[in-house]
Structure formats: structure tokens, C-alpha cells
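This report describes a few parts of one structure in turn, beginning with the surroundings of a ligand. Please keep the sequence and the model at hand while reading.

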Amino acid sequence: MTDSITISIDGVEIPAETHHTILEAADKAGIYIPRLCAYPGLKPNGSCRVCTVLVNGRPQTACTTPVMKGMVIQNETPELKRLRSNLIEMLFVEGNHYCMFCEKSGNCELQGMAYRLGIKTPHFPYLEPKREIDATHPDVLIDHNRCIFCGRCIQASKTFDGKNVFQYIGRTRNKKVGVNADDGLGETDFAATDRAAQVCPVGAILKKRVGFKIPIGKRIYDRSPIGSEIEVQPKDAGSAQ
Amino acid sequence: MSEFENTIHTICESYGGDRARMMDIVRDVHEKYGCCSGKAMNLIARGTGAHRVEVQSVVTFYAFYSEKPKGRVVIRLCNDIVDTMFGIEHVARAFSEELGIGFGETTADGRFTLEYTPCIGMSDQAPAALINEVVVTSLSSDSVRGIVRTLRESGDPQKLVRRLGDGNNAHKLVRAMVQNGLRKKGPVVFAEMESGNALRKALALSPVEVIRDIKTARLRGRGGAGFPAGMKWEFTRAADGDRKFVMCNADEGEPGTFKDRVILTERADLMLEGMAIAGYAIGAQEGIIYLRGEYAYLRKFLENVIENRRRDGFLGKDILGKKGFHFDVRIQLGAGAYVCGEETALISSCEGLRGDPKTRPPFPAQKGYLEQPTVVNNVETFCCVARILEKGPGWFVEMGSKGSPGTKVLSISGDCNSPGVYEFPMGVTMAEVLREAGADDVQAVQVGGPSREIVGPEGFERVICFDDLATGGAIVILNSSRNITEMARKYMDFFVEESCGYCTPCRVGNVLMMKKLEDILDGKGQLSDLDYLHDLAETVKTASRCGLGQASPNPILTTLERFRPFYEKLLRTHPKNFDPSFDLRAAVAEAEGLVGRKSAAIET
Ligand SMILES: Cc1cc2nc3c(=O)[nH]c(=O)nc-3n(C[C@H](O)[C@H](O)[C@H](O)COP(=O)(O)O)c2cc1C
Ligand code: SF4
Ligand code: FES
Ligand code: FES
């Protein structure tokens with residue numbers, strides 16, 4: 001049973017249906033709420049926290065919070081922008097992201113988000129963790145250096161592919177995406193055609209031998225900033241410094 | 001089948017191959033083999049229908065589980081702040097020297113592993129350690145030598161218990177050297193009780209009337225947050241579900257808290273009576289006690305209490321002759337993860353998963369354990385429940401403050417003459433608490449553990465209750481010789497180690513705050529660092545997914561607010577764009593190593 005209701009985001013009234021999350025309702029109305037872990041069709045993970053908005057004054061993640069009648073939501077405030085920038089910077093310094101020679105550059109949602117938020121370089125110190133690369137699979141590579149713990153691959157393998165290739169192992173800052181085998185991805189039933197191979201927002205799960213098929217300059221966020229695919233009135237690339 | 005395969009198969013079978021019992025299965029494997037190896041994980045996966053990586057995700061989450069072999073005897077020295085105050089470094093050195101290994105290491109003969117662990121709930125008898133499941137308290141470098149000698153001779157940690165503690169610590173199913181330190185008994189929790197009295201009165205009422213009594217008593221959860229218990233029960237009762245559950249939170253992980261330990265030891269009956277009443281009120285037939293792994297030494301005893309209550313008709317079918325009211329309880333042991341005290345993480349853990357908190361909404365009252373409506377309450381809360389039903393809500397509200405009726409059991413430790421457990425009426429002033437504990441030189445008090453706040457003398461007229469100095473029970477007293485900034489650093493270290501790692505702000509932000517604090521303590525701080533810390537703290541507090549992260553900046557925020565001079569004396573002003581935390585020497589060291597000579601340009 002779904003009901004149509006109205007909520008407001010930054011003073012704009014938008015329609016919503018009660019089975020929607022705030023993020024879904026905003027998307028439908030052409031309002032972009034920044035996000036990194038949410039992915040259409042997957043159960044929201046709620047881990048990146050970039051979609052944090054104020055709901056009736058209280059911080060909540062838009063991707064996990066169901067809409068309710070009369071919700072008053074703030075999305076674009078200086079405080080939330082600051083908060084999101086901090087979160088994005090945290091993800092940068094936590095791993096080892098060398099965008100300048102990363103195959104994913106230009107298609108990377110983390111990089112795209114940094115550009116959109118006007119981050120030139122993180123003001124936090126790099127933590128420079130030692131992380132591994134798993135190249136045991138013939139067609140797909142996992143570079144843990146670039147993983148941002150969005151959880152998409154874990155969910156996608158279950159939900160889209162009907163498999164169970166991934167799960168988090170370890171905890172605290174030592175956690176990582178583990179694979180369902182003794183020794184690496186190559187031993188699992190993972191295939192390059194799996195949807196789980198397509199959902200990584202960054203360059204952590206990469207198909208081998210296709211890295212530069214699309215040249216730099218012709219990639220998704222080279223053309224228009226992240227989020228413009230949703231916004232009714234997209235920001236022009238220039239305004240994102 | 002090999003012997004190994006057979007054993008693991010049998011362990012899985014003993015839990016019906018139910019993957020929701022993963023915590024128990026992995027624990028049993030550890031008991032047998034000292035670790036849960038890759039081979040074991042494959043077999044567990046087969047025996048439960050789980051995937052290998054799912055088993056691994058559990059094994060690698062909990063501090064007490066391990067993929068790699070550990071010593072037959074694992075020594076876990078508690079490195080909580082109170083232990084630090086009472087000479088843990090001598091104890092640590094003695095262990096290291098006697099065993100010939102460092103922390104995090106295992107002896108070559110595979111007999112001993114030495115580790116640190118956060119607060120094990122023994123702050124009133126610190127320094128303390130867990131040796132396998134055996135608790136050893138009041139350690140000194142001398143006692144450590146004796147301990148290691150005994151362990152070398154017998155290999156049996158139980159042999160370390162020479163003198164038994166008081167009360168039920170001496171019970172034949174406990175046999176621990178732990179002391180209750182129960183210094184003040186109040187009318188609610190520690191008054192004498194007779195099993196069945198409260199339950200009988202509850203069963204004479206309708207479930208709705210029971211909830212009404214809890215609401216009239218304005219009972220608020222004793223775990224720390226102070227959420228109204230009656231309201232929680234009402235939501236759970238109203239929620240749709242095939243089954244409903246009552247969970248008792250006995251995870252007691254907040255550093256400096258140990259009152260639940262004493263309640264479990266001396267008032268388990270009262271607590272179980274409260275759980276049964278909750279079951280009746282919300283319509284649940286099943287209860288789970290989530291007992292922290294550190295308190296495993298109480299497990300057999302508690303199982304015996306449960307068994308006795310079954311025998312007496314307080315648990316089981318048609319309780320006290322009430323047709324159709326069935327309620328039973330099992331114990332779920334944790335395995336060393338503070339976050340599992342958070343109620344949704346606790347539920348994850350009971351389901352045999354990593355102790356990650358769950359997305360809210362839905363709340364446990366709607367979808368909790370196994371997606372069914374679930375009430376989670378603290379050990380002490382259930383004791384209050386039983387007493388309210390026994391003596392009436394009117395009796396209860398006469399004690400304590402308006403917003404927080406009743407009593408509060410406090411765990412007091414640190415710089416005072418009489419550390420231990422005290423049951424005070426709610427609304428007691430901090431000054432009165434300090435007086436009773438025999439603390440005369442007091443620079444500060446950490447109230448409610450690192451998740452809450454530090455209070456200086458200007459706050460000693462404030463009162464213990466959920467509307468002022470809220471606490472799950474921890475009171476740690478610091479005298480004038482204690483370094484407040486250093487204490488904040490230790491508490492941040494605790495959060496860094498105990499973050500589940502699920503969400504960005506808590507996983508990364510705490511590390512960043514801690515690094516900055518280290519720089520400051522190292523003399524590499526500058527005034528602008530305080531703004532940097534504030535900004536980070538704000539992000540972590542606002543954006544974190546669960547209460548752990550939302551509270552983790554508090555050691556910094558409350559010390560900055562109330563003990564700012566401690567920071568300022570460490571900070572310098574520097575010319576713009578000069579970063580004192582940048583170490584040029586270290587930055588060029590690797591390059592220097594490569595070229596094989598020192599850089600001439602750097603003055604040393
Ligand atoms: C990180 C974290 C740890 C917690 N640890 C405990 C604990 O050890 N014991 C406890 O009763 N509540 C703990 N809580 C609070 C529980 O989430 C929950 O609120 C409580 O068990 C509810 O019971 P109550 O209302 O009776 O207090 C913790 C919360 C957080 C965020
Ligand atoms: S705040 Fe986030 S990372 Fe920290 S314990 Fe909670 S869910 Fe885990
Ligand atoms: S998109 Fe909502 S938390 Fe990541
Ligand atoms: S550009 Fe490589 S991970 Fe983002």
C-alpha cells in the first residue's frame with residue numbers, strides 16, 4: 001500500500017510516495033542529494049554518510065530514511081557541504097588514491113564528488129595504509145587501495161547475481177572486502193559479466209585489459225559533473241571550480 | 001571423515017546447523033583448537049549452509065576470535081585508563097619479561113599469547129587481566145611472576161585462583177577471585193528479594209496493565225540513554241510479528257562500568273524475573289541474555305540460575321500456572337567487541353553476524369532479532385522492572401528525581417579510597433558521590449565513560465540523573481596528578497580500536513582526531529589545531545551511523561571545553577603556513593636511504 005504525500009527539500013515542495021526513501025523521492029523530483037554508496041536496485045548500505053541531510057533539523061541519511069508526510073529536509077546548507085567535504089576527504093586519505101594514473105579517473109564517483117564539492121586537495125593527513133591487490137582472477141582485479149567500503153559489490157553479488165562472492169572481513173580501519181575462497185577472487189565463481197563487477201564507484205574492482213578503452217577526456221564526469229544526470233537544472237561544470 | 005572434520009561437524013550439529021548460532025559454533029571451535037582456521041571455516045560453512053566468507057566475516061570481527069593459531073593460554077591484560085593509573089606498565093613489562101614475548105605475540109612453543117584488551121569490567125580491582133576465561137585482579141609485577149610460574153607448571157589458569165571472592169564469586173560454578181565491592185545497597189536493585197513475588201503480581205494483571213505500571217513508574221533505561229522503558233514495550237507489544245523477543249543487554253563495555261557484573265553475580269534472579277515480566281507484557285516467549293565474552297566466567301552460574309528458575313516454575317511453560325504464558329531464556333556469549341553493546345549490533349551478533357549496527361528505521365521494536373519485534377533493555381533496567389511490579393509504581397517514584405525516579409547503580413573507580421558498586425537514589429549530587437567514595441583530591445570525574453563527559457569541580461553540584469549527569473554507571477575519579485589530555489588520547493584510542501568500521505566518519509574521523517591529539521601531545525601542535533579538532537568532531541558526531549561514533553568525539557569535546565589550559569600549554573603559535581607536525585627529517589629519510597647519504601640542506 002502506498003500513499004502520495006508531500007515533503008519539502010530546501011523549501012521546495014515535492015511529491016513522494018510512502019515506500020520511497022528521501023533519496024528516491026529527491027531523485028524523482030530532479031533534486032540531487034550527493035551519495036556514494038547508494039545504488040539503484042540495491043538495499044541501501046548507509047555507510048558513506050555523504051547523503052546526510054537534516055530531517056526536521058536532525059541528521060539522517062537520505063538513502064535509508066523512508067519519507068514521511070510533512071518532512072522538512074535541508075540538503076544544500078553550508079554546514080552540510082562542509083560535512084560532505086570532510087567525509088570525501090576522509091575517504092581520500094584513508095586509502096591510496098592516485099587519480100592521475102588510475103584507470104577509473106573520469107568515471108570515478110569519488111573523484112567526481114570531490115570536483116563537485118570543490119575539493120582540490122584534502123586538508124587531512126594521508127594515512128597511507130598498506131593494502132593488497134588481488135589479481136588472481138583472469139578477468140577482474142581487486143585493488144584494495146582504492147576501496148571506499150560502499151558495500152555495493154557485496155549487495156550486487158547477492159541481489160543481482162544470485163551469488164555470494166563478497167563480504168566484509170576484519171573490523172575498524174582494518175576491515176576489507178573479503179572473497180568467498182581460501183586464496184583470492186580467482187577461486188570464486190565470480191565472472192567479469194557479473195553485475196557486481198560493474199557497480200564499484202571507484203577503481204577498486206576493475207576489469208582487466210579494458211582500462212583505457214575510453215580515453216581520458218571522454219569519460220562520464222569529464223563531460224558534466226556528477227549529479228547532473230539527476231538534477232533538473234544541472235550545475236554547469238564551471239561552477240564546480 | 002577425519003577427526004577434525006568430525007569434530008567440526010558435530011559442533012555444527014549441536015546447534016542444529018543453524019547459522020544464526022555462528023557465535024557459539026565459532027566459540028566451540030576455538031575452545032577445541034584455539035583458533036578458527038581456514039579449514040575450519042570451510043567446514044563450518046558446509047555444516048551451516050553459510051558461505052565461507054560469511055563465516056570469515058564473523059571470525060575476523062571479534063577480538064576473541066582468530067583465524068591464526070594462538071597460544072593455549074591467552075593472557076589479555078586490560079589497558080583501560082584506570083589500569084594505567086595503577087601501574088599497568090610494570091605489570092605489562094613483567095608479563096613480557098617472564099614470557100619473553102611482546103604484546104600481540106605468541107611464544108614459540110605455542111603455549112602463551114599476550115595481548116591488550118579494553119576494559120574488562122574490573123576497574124575497581126585494577127590492574128586486571130583475563131587469562132583464557134579466568135579473571136585475575138589487583139596485579140603487580142610480583143604477582144605476575146607467580147602467575148606465569150603457575151601457568152608454566154600446570155597450564156591451567158583456574159589454578160591461579162587461590163582465594164575466592166565474596167558472595168557468589170565463591171559459588172562452586174563461579175570460583176573467581178573477583179570481589180563484588182558492593183559498598184552501598186539500595187532499595188531497588190540490591191535489597192533482598194524473594195523469587196516469584198514480582199512475577200506473581202505481574203501475572204495477576206493484564207499485559208497492558210503491566211506496561212501501564214512501568215509507564216507510571218516513569219522507568220528509564222539504565223544502560224545509559226535513559227529511554228522510557230514503558231514506551232519501548234508498548235511499541236513492541238503493538239508491532240506485528242510471528243515471534244517476539246526480550247533481550248537483556250549484559251555487554252557492559254563502557255570503560256569504567258562494572259555494576260552489571262555485580263548485579264549478574266548477586267541479583268540474577270531479580271533480572272530474570274524482570275525479563276519474564278517483559279515477556280508477559282509484550283507477548284514474547286523467548287529471551288536472550290547477551291553476556292559479554294569477558295564475563296564468560298559467570299556463564300555456568302547463570303545457566304544454573306536459569307535452570308533453577310525453570311524447576312521452580314518461573315521460566316518455561318505455563319509459568320506459575322498461568323495457562324498459555326510460556327517464556328524461556330538462553331545466554332548468548334559475546335566475544336570482545338564493545339560495539340555489540342549497541343542494541344542493533346547486539347542483535348546482529350545474536351543472529352550470528354558481524355557486530356555491525358543495523359540501519360534504523362526500522363527500530364528493534366518493529367524489526368529486531370530475526371526481523372521480529374524485540375525489546376532490548378539493560379540488566380539493571382530489568383531489576384527495576386521486577387521491583388516496580390513487586391512494590392508498585394507509587395513506591396518507585398517516591399525515590400529519585402522527577403525526571404528519573406528510582407535508584408542508579410554506579411561503578412566507582414579511580415582515585416578514591418573506596419572504589420566499588422554503589423546504589424544511590426537518582427538525583428544525588430556528584431559531591432555526595434565523591435564524599436561517599438572517599439575521594440578528597442579530585443581534579444575531574446569522567447561520568448558515563450568516554451561516551452559521556454568529563455566534569456571538573458565547577459560541576460560537582462550537578463546531579464546524577466538522565467536530565468543532567470546521565471550515566472550508564474561509570475564514574476572514574478581523577479586526582480590532580482592526572483594528565484587530562486593524555487586521558488583524552490587514551491579514550492580516543494579506545495574508540496579507534498572499537499569502531500566497527502562500517503561508516504566513514506567513525507572509521508576514519510576518529511583516527512584523524514587521535515593523530516592530531518598525538519601531535520599535540522608531542523609538542524607539534526599549534527593553536528589552529530583546536531579548530532581543526534572541533535570541525536572533525538562535529539562531522540563525526542553528526543554523520544556517524546550509531547551511538548558509538550556519535551559519542552566518540554566527546555573525550556575531546558568535553559576536555560576542550562572544560563580543561564582547555566591543558567591543551568593551550570602544549571600549543572604554540574607559528575607563522576602562517578608553517579606546519580609544526582611536518583617532520584622534514586622523516587619525510588626525506590627513505591630517499592636518503594636510497595641514495596646512501598644524508599641531505600646536507602637539513603639542519604639537525
Ligand atoms: C557503542 C554503544 C555501546 C553500548 N553498550 C551498552 C552496554 O554495554 N549495556 C547496555 O545496557 N547498553 C549499552 N548501550 C545502549 C544500548 O544501545 C541500548 O540503548 C540499551 O541496551 C537499552 O537498554 P535500556 O533502555 O534498558 O538502557 C550501548 C550503546 C552504544 C551506542
Ligand atoms: S558509528 Fe559507524 S563505524 Fe562507528 S561503530 Fe557505529 S556504525 Fe560502526
Ligand atoms: S549514500 Fe547514503 S550513506 Fe552512502
Ligand atoms: S580515480 Fe581511481 S579510485 Fe577514484
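**Surroundings of ligand 1**

Ligand 1 is surrounded by 18 residues, of which B:Gly223, B:Asn249, B:Asn377, B:Asn378 and B:Thr381 come nearest; the model is a predicted one. By class, this shell holds 3 nonpolar, 9 polar and 6 charged residues.

Oxygen atoms of ligand 1 take part in several polar pairs: a backbone N or O atom of B:Gly223 lies 2.6 Å from one such atom, a backbone N or O atom of B:Glu343 lies 3.0 Å from an oxygen atom of the ligand, and a polar side-chain atom of B:Lys232 lies 3.4 Å from an oxygen atom of ligand 1. Of the 600 Å² of accessible area that ligand 1 has on its own, the protein covers 88%. Two or more residues of the shell come from each of strand S10 (374-378) and helix H21 (547-551) of chain B, and S10(B) gives the most, with 3 residues.

**Surroundings of ligand 2**

Around ligand 2 there are 13 residues, the closest being B:Cys500, B:Cys503, B:Cys506, B:Cys546 and B:Gly549. This shell divides into 8 nonpolar, 4 polar and 1 charged residues.

**A sheet in chain A**

In chain A, 5 strands form an open sheet of mixed pairing, in the order S2-S1-S5-S3-S4. Strand S2 (12-17) and strand S4 (58-61) of chain A each have a single partner strand, so one side of each is left without a neighbour in the sheet. From one strand to the next, the twist averages 40 degrees.

Strand S1 (residues 4-9) of chain A runs antiparallel to S2(A) and is joined to it by 6 bridges, with A:Ile9 standing opposite A:Val12 in S2(A). Helix H2 (residues 78-94) of chain A packs on the sheet, where it touches strand S3 (52-55) and strand S5 (72-74) of chain A, and its direction makes about 150 degrees with that of S3(A).

Terms used. Residues are numbered from 1 along each chain as its sequence is written. Chains are lettered from A and ligands numbered from 1 in the order in which they are written. This is a predicted model: local features need pLDDT of at least 70, side-chain atom pairs count only at pLDDT 80 or more; totals for chains, interfaces and linings use all residues. Side-chain values use heavy atoms; hydrogens and water are left out. A residue is near a molecule or strand if one of its heavy atoms lies within 4 Å of it. Ala, Val, Leu, Ile, Met, Phe, Trp, Tyr, Cys and Pro count as nonpolar, Asp, Glu, Lys and Arg as charged, and the others, Gly among them, as polar. Two strands pair if DSSP finds at least two bridges between them. Helices (H or I, at least four residues) and strands (E, at least two) are DSSP runs, numbered from the N terminus. Axes are lines fitted to C-alpha atoms, for helices over the stretch in contact, and angles run from 0 to 180 degrees between N-to-C directions. Contact means heavy atoms within 4.5 Å. A polar contact is a pair of N or O atoms within 3.5 Å; within protein, one must be able to donate a hydrogen and the other to accept it, and residues adjacent in sequence count only if both atoms are side-chain atoms. Accessible areas come from the Shrake-Rupley method with a 1.4 Å probe; for residues, only the protein chains shown count as cover.
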